[in-house]
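Hello,

Here is the structure I promised to hand over. Have a look at it first, and then read on for what turned up when I went through it.

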Amino acid sequence: MIANLLQMFQGLESLLSSGPLLACTRVGLIVLGALLVYMGTKGILEPLLMIPMGFGMIAVNAGVLFLENHQLGTLFVDPLVTEPGQLVNIMQVDFLQPVYTLTFSNGLIACLVFMGIGSLLDIGYVMSRPFESMFLALAAELGTIVTFPVAVLCGLSYNDAASIAMVGGADGPMVLYTSLMLSKDIFVPITVVAYLYLGLTYGGYPYLIRLLVPKKLRMIKPAMPAKPVKPLSSGVKLTFATVACALLCFLFPVAAPLFLSLFIGVAVKEAGLKEFTTLLGGPVLYGATFFLGLMLGVLCEAKTLLDPKIFTLLCLGVFSLLVSGIGGIAGGYALYFLRGRKYNPVIGLAGVSCVPSCAKVAQKCVSKDDPSVIILPQALGANICGVITTAILCGIYVTVIPSIGNAKKADPVKVRVETVAPARLPADSGTAPTQGSSPPATP
Amino acid sequence: MNTAILNGFYIYLLSAVISLALAAMIKVIVYALTSATNKAKP
């Protein structure tokens, strides 16, 4: 009787029949998913990402069933199958597989998010003080650089070390893109770690500011320019976007999709194409963010995350973000001393490229001490430069790392066949195609 | 480990050079286009 009931409710049966470690991890991830939904709803973490991600985590870990050959699996997505014949089969069964294969594993979703971000950026903040903004952004990339050798010391390959180091850039799509290019086998944990931590920057960085910058310095008002600054014309901004896009694509063809996405967003905005700006900044950005969150959630399957590297990745991710924050504030301090102690060091934190969270955090922290201090224009300049420097570092990593040291060869064009998983069809499905009916694999 | 530190340093140096070159390019573009606009005014 109980056996019959369990057979009917396969989620429960699969939980009881899997080993204790897998079962505990599944339950733990369901609880974590619910926690993410709660924290997203309360505004502690980014709700746009955390609510779909939390629901995805809950569903994928609860909805485990027995597939062909009594294998455990789900009907969401299988990130490990890349062999064309099996892929065609699975696309007809796993409902999120088409989204994963056609938008996620080739980096399209990261590019769509980047187009949306580009259409919301005002590069006028950067162009009015380029050296100051670039300096702060470079200082705030400290975590991206320092974490790389530390990760190698922890036993990761150059490719994996570069991917986890990118978390220090605090830019989700960039981490996704780098890990897809360099570490396809562990891109799921790296991206999940990145997005979980990026949610925490909003809550964690204010403490870092209060710890490293005394109240007296947090209340420094930025010096007013001697002459009133004329706003830059759209033509100037468009020229910069065009030249920078061409130049960076020339230098780093592997990261060209990212550069194109960012600068086309900027160009659309500056060219005054209102319909495209609304499209990119609205449906494209929010649609891509929704599916990104959902996909990250369903990729958090217990068996995928039971990777021995996960603890190392968790530690390195938080280390990377922390060092980047410290680096940004150190850059702010450098400008404070160079400008005759008349520069607010908090602006440095905005060099961490989590747009616009870090700029908002910096402004919020100084406003708490003195509401008349406005650092947002400088902070946004550094913040936008942070996006550009992170994209440059991403370009360098995906170009340089595969050719040095013990790196594994990255092949951005051909998809590697990591594991040939067994056919993943529901055991009792009579209508679904079987392994035997799959079309022959193309080379 | 030493090689990794060295590689990290080179990568940082390269990104710094490119970023600062971009900043210089912004200055040039702003200067060139602004002076051209001013000259064009009657």
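Let me start with a small puzzle: does K269(A) count as buried or partly exposed? At 29% relative accessibility, K269(A) counts as partly exposed. Its salt-bridge partner is E270(A), and the closest N and O atoms of the two are 3.9 Å apart. E270(A) itself is buried, with a relative accessible area of 9%. Please keep in mind throughout that this is a predicted model.

**Salt bridges**

Over all chains, the structure holds 5 salt bridges. In general, side chains of opposite charge can pair when their charged atoms come close. Besides the pair above, two others are worth a visit.

One of them joins D160(A) to K309(A), with 3.0 Å between the closest N and O atoms. D160(A) sits in helix α11 (residues 158-165) of chain A, while K309(A) is in the loop between α18 (302-305) and α19 (310-338) of chain A, so this pair ties together parts that are 149 residues apart in sequence. D160(A) counts as buried, at 1% relative accessibility, whereas K309(A) is partly exposed, with a relative accessible area of 27%.

Another links D369(A) with R218(A), where the closest N and O atoms are 2.6 Å apart. Here D369(A) belongs to helix α20 (residues 357-369) of chain A and R218(A) to helix α14 (residues 215-218) of chain A, so the bridge ties together parts that are 151 residues apart in sequence. R218(A) counts as buried, with a relative accessibility of 8%.

**Cysteines**

How many disulfides does a search of the whole structure find? The search finds 0 over all chains. C358(A) is in no disulfide, and the nearest cysteine sulfur, that of C354(A), is 4.9 Å away. A disulfide would need the two sulfur atoms within 2.5 Å. C358(A) counts as buried, at 1% relative accessibility.

Why is C385(A) not bonded to C358(A)? The closest cysteine sulfur to that of C385(A) is the one in C358(A), and because it is 14 Å away, it is too far for a bond. C385(A) is also buried, with a relative accessible area of 0%.

**Chain B and its contact with chain A**

Now to chain B, which has 1 helix and 0 strands. Along its principal axes, its C-alpha trace spans about 65 × 5 × 5 Å. Of the 42 residues in chain B, buried residues make up 33%.

The contact between the chains takes 25 residues from chain B and 34 residues from chain A. Between them, chain B and chain A bury about 2,600 Å², and 86% of that is on carbon and sulfur atoms. If you would like somewhere to zoom in, try I11(B), Y12(B) and I26(B): in chain B, these lose the most area to chain A, together 24% of what that side buries.

Which kinds of residue make up the side of chain B that touches chain A? They divide into 17 nonpolar, 6 polar and 2 charged. Across the interface of chain B and chain A, there are 0 salt bridges. There are, however, 2 residue pairs in polar contact across that interface, both at pLDDT 80 or more.

**Backbone details in chain A**

Most residues other than glycine have a negative phi, and most peptide bonds are trans. A few places in chain A are worth checking with that in mind.

A cis peptide bond joins V355(A) and P356(A), with omega at about -10°. You will find P356(A) in the loop between α19 and α20 of chain A.

The loop between α19 and α20 of chain A also holds R341(A). This residue has a positive phi of about 60° although it is not a glycine. R341(A) is exposed, with a relative accessible area of 53%.

A170(A) has a positive phi too, near 55°, and is likewise a residue other than glycine. Look for A170(A) in the loop between α11 and α12 (172-182) of chain A. A170(A) is buried, with a relative accessible area of 1%.

That is the tour. Enjoy exploring the structure, and write back with any questions.

Best wishes

Technical notes: Residues are numbered from 1 along each chain as its sequence is written. Chains are lettered from A and ligands numbered from 1 in the order in which they are written. This is a predicted model: local features need pLDDT of at least 70, side-chain atom pairs count only at pLDDT 80 or more; totals for chains, interfaces and linings use all residues. Side-chain values use heavy atoms; hydrogens and water are left out. Buried means under 20% relative accessible area, exposed over 50%, partly exposed in between (1.4 Å probe, protein chains only). A salt bridge is a side-chain nitrogen of Lys or Arg within 4 Å of a carboxyl oxygen of Asp or Glu. Helices (H or I, at least four residues) and strands (E, at least two) are DSSP runs, numbered from the N terminus. Contact means heavy atoms within 4.5 Å. Buried area is the accessible area (1.4 Å probe) that two parts lose on being put together, summed over both. A polar contact is a pair of N or O atoms within 3.5 Å; within protein, one must be able to donate a hydrogen and the other to accept it, and residues adjacent in sequence count only if both atoms are side-chain atoms. Ala, Val, Leu, Ile, Met, Phe, Trp, Tyr, Cys and Pro count as nonpolar, Asp, Glu, Lys and Arg as charged, and the others, Gly among them, as polar.
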